[in-house]
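Reader: I would like to go through this model with you, from its packing to its pocket and its cysteines. Could we begin once it is in front of us?

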Amino acid sequence: MNILDYIPYGYENAVTLSMLQTMTGCNRREVRRLIEQAFICGNPIINLQDGKGYFQPTEDDFELVQKYIRQEESRISKLIDKYIVVKKYLKGE
């Protein structure tokens, strides 16, 4: 199954995880795995965490893609902070 067949182009056409579950017959975990696989293979699939859902960006979505990048950079920063705390704990600091 190609998850890209179920994820439309353009923010205005975004589909939720629940919709993807219904369309594909897959559970949440499997849908997320398929999305991650597609992403790793070079297909950007955007979710702005605003409840609208997933979409493949178009040229009209440039600013939204920039917003997505900022969102992910923030997430990465927070993960690194947590990682550092746990590493220090393991070292007995």
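Reader: Which residues does I45 touch, not counting residues up to four places away in sequence?
Author: This is a predicted model, in which local features need pLDDT of at least 70 and side-chain atom pairs count only at pLDDT 80 or more, while totals for chains, interfaces and linings use all residues. Residues are numbered from 1 along each chain as its sequence is written, and side-chain values use heavy atoms, with hydrogens and water left out. Taking contact as heavy atoms within 4.5 Å, the residues that I45 touches are L4, I7, I35, A38, F39, Y54, F55 and Y68.

Reader: Which element gives the most to the largest nonpolar core?
Author: A nonpolar core is a set of buried Ala, Val, Leu, Ile, Met, Phe, Trp, Tyr and Cys residues joined through side-chain atoms within 4.5 Å, where buried means under 20% relative accessible area, exposed over 50%, and partly exposed in between (1.4 Å probe, protein chains only). The largest core has 13 residues, of which I3, I7, L20, V31, I35, I45 and Y54 touch the most other members. Helices here are DSSP runs of H or I with at least four residues, numbered from the N terminus; α1 (17–24) and α2 each supply at least two residues of this core, and the element that gives the most, with four residues, is α2.

Reader: What is the volume of the largest pocket?
Author: A pocket is an open set of points on a 1 Å grid over the protein atoms alone where a 1.4 Å probe fits, with protein on both sides within 12 Å along at least five of seven lines, and its lining residues have an atom within 4 Å of a point. The largest pocket is lined by 13 residues, of which I35, F39, I45, Y54 and Y68 lie nearest its centre. With grid points joined across faces, edges and corners, and volume taken as the space filled by probe spheres set on the points, the value for the largest pocket is about 290 Å³.

Reader: Why is C26 in no disulfide with C41, and how far away is the sulfur of C41?
Author: A disulfide is a pair of cysteine sulfur atoms within 2.5 Å, and by this rule the count comes to zero. C26 is buried, with a relative accessible area of 15%, whereas C41 is exposed, at 66%. The two form no bond because the closest cysteine sulfur to that of C26, in C41, is too far away, at 16 Å.
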